[in-house]
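The report below is for a reader who meets this structure for the first time. It begins with the terms and then follows the protein and its DNA strands.

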Number of protein chains: 2
Amino acid sequence: MKLKTKDSNTETDILNAAEVIFQRKGLDGARMQEIADEAGINKALLHYYFRSKQLLFETVFHKAFSLIAPQIKAILDDNSSIDDKIKNFTNNYIAFISEHPYLPNFIFQELNRNTDFISKVQKTIGFPTIDKFKKQLEREVKKGTIIPIKAEQLFINILALNIFPFLAKPLIKSITNTDENTFNHLMEERKTEVSNFIINAIKRK
Amino acid sequence: MKLKTKDSNTETDILNAAEVIFQRKGLDGARMQEIADEAGINKALLHYYFRSKQLLFETVFHKAFSLIAPQIKAILDDNSSIDDKIKNFTNNYIAFISEHPYLPNFIFQELNRNTDFISKVQKTIGFPTIDKFKKQLEREVKKGTIIPIKAEQLFINILALNIFPFLAKPLIKSITNTDENTFNHLMEERKTEVSNFIINAIKRK
DNA sequence: GTATGGTTTAACCAAATGGTTAACAAAGGT
DNA sequence: ACCTTTGTTAACCATTTGGTTAAACCATAC
């Protein structure tokens, strides 16, 4: 028998369980019964609290996306220097994902499967645009501290180098023939490796 | 009524249809009936030719993976210089994916969902390891033409910068506020942008 | 022509799945 | 004590889904 403490009510139990199952199996692969089991409750309760699978899923997705959005916002809307943005994002993001390894896959997969999610989420979350970053970068390029590069391309590169390894984990582990520990060690190294790489790439010679 | 030409038999019709549906919806999201409709045949024929959904899926996945594997192999096992490897892969891969935009998502998603796929595929396809590339890179680093960097990290970076934009397409389009055409144009630019970026990053100053 | 073999289909089936219902339990207010 | 609201459950339901079957179709060989 499950005892409820003050901070463990059924609703958050369900959300936590749904998070685990959806991130592991995706929207289509997840079973409502499986989520109920994971939460240790009756299946009908899922519908009592969240009406439908779709709504439960959207709640989970929204929550997941809310965790990542601010970090991207930091690159685009922050007042720090380009160098600092790169260093901070690299360091913070890799640390963050190491705690939530399923998150990137979950988000990108469902974003691709259901394209209108992004417009839905865009409305509810304060969603960043690239404009400010663009101006900042143009200033730096004009100053001559940075080689000419489009803001869009640099932004893509920053995201790519940080996020991709976690999306491609099984492939990378297989090709580089590394076990879980060695992979984690590689990611740990990337906290500085990646920012050095980027800064080196855009620095004037 | 569908006429069969010499090179259009039912089996390849099914494979083509399955490719489309599986890449669009994933293993769990795809419906056998939908694949049959796409192929313009009776659902029972799917089982006549491929026994089960799982086997049909594995055939499609295997085929998809076979398209990408040789390109990765080119980085790792080729005899060309590091610079050429980067230039060629960048140029070829981006061109290739522009023709098969669903491919990367499909592969990485299912690779994450079903980890033992990779060992299955590894057995049937001549699958590259990183050893040769590692030695080549160590030689270059010792020569002093390239800054010190681990082969694993450089390899990850090359893949990341090339593959990630296609995985993150919906997010990127949304944040950079670009339409389909502009996105494609950005990718076209990356054919040279990415290799310059990488080479700049690893070149001795 | 008709026997033979692979190919294709409509109809069918059992299991699984998201969702509902009605009854019951707990909690809280009066 | 009694009633109302909220939370929880077992049983149930309609539909969907992967898969099967038995009969029909059709080319080719005899």
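Helices (H or I, at least four residues) and strands (E, at least two) are DSSP runs, numbered from the N terminus. This is a predicted model, in which local features need pLDDT of at least 70 and side-chain atom pairs count only at pLDDT 80 or more, while totals for chains, interfaces and linings use all residues. Residues are numbered from 1 along each chain as its sequence is written, chains are lettered from A and ligands numbered from 1 in the order in which they are written, and side-chain values use heavy atoms, with hydrogens and water left out.

**Chain A and its domains**

Chain A holds eleven helices and zero strands, and its C-alpha trace spans about 65 × 40 × 35 Å along the principal axes. An automatic or database domain assignment divides chain A into domain 1 (1-51) and domain 2 (65-202), whose C-alpha centres lie 31 Å apart. Six residues of domain 1 of chain A are in contact with six residues of domain 2 of chain A, where contact means heavy atoms within 4.5 Å. Between them, domain 1 and domain 2 of chain A bury about 490 Å², 58% of it on carbon and sulfur atoms; buried area is the accessible area (1.4 Å probe) that two parts lose on being put together, summed over both.

In its unreviewed entry, UniProt places the feature "DNA-binding region" at residues 31-50 of chain A; such positions are given in the numbering used here, feature names are shortened, and annotations may be inferred rather than shown by experiment. The span of residues 31-50 of chain A is 80% helix and 0% strand, and its end C-alpha atoms lie 15 Å apart.

**DNA strand C**

A residue is near a molecule or strand if one of its heavy atoms lies within 4 Å of it. Of the 15 residues around DNA strand C, those that come nearest are R31(A), K43(A), K53(A), N42(B) and Y49(B). Both α3 of chain A and α3 of chain B supply at least two residues of the surface near DNA strand C, and the largest share, four residues, comes from α3(B). Of the atoms of DNA strand C within 4 Å of the protein, 63% belong to sugar or phosphate and the rest to bases.

**DNA strand D**

Around DNA strand D there are 16 residues, of which T10(A), Y48(A), R31(B), K43(B) and K53(B) come nearest. Sugar and phosphate account for 63% of the atoms of DNA strand D that come within 4 Å of the protein. Here α3(A) gives the most to the surface, with four residues. The residues of this surface near DNA strand D divide into eight nonpolar, four polar and four charged, where Ala, Val, Leu, Ile, Met, Phe, Trp, Tyr, Cys and Pro count as nonpolar, Asp, Glu, Lys and Arg as charged, and the others, Gly among them, as polar.

**Polar contacts with the DNA**

A polar contact is a pair of N or O atoms within 3.5 Å; within protein, one must be able to donate a hydrogen and the other to accept it, and residues adjacent in sequence count only if both atoms are side-chain atoms. The table lists contacts with the two strands.

| Residue and part | DNA atom | Distance |
|---|---|---|
| H47(A), side chain | phosphate oxygen, strand C | 3.1 Å |
| T10(B), side chain | phosphate oxygen, strand C | 3.0 Å |
| N42(B), backbone | phosphate oxygen, strand C | 2.9 Å |
| N42(A), backbone | phosphate oxygen, strand D | 3.0 Å |
| A30(B), backbone | phosphate oxygen, strand D | 3.4 Å |
| K43(B), side chain | base oxygen, strand D | 2.4 Å |
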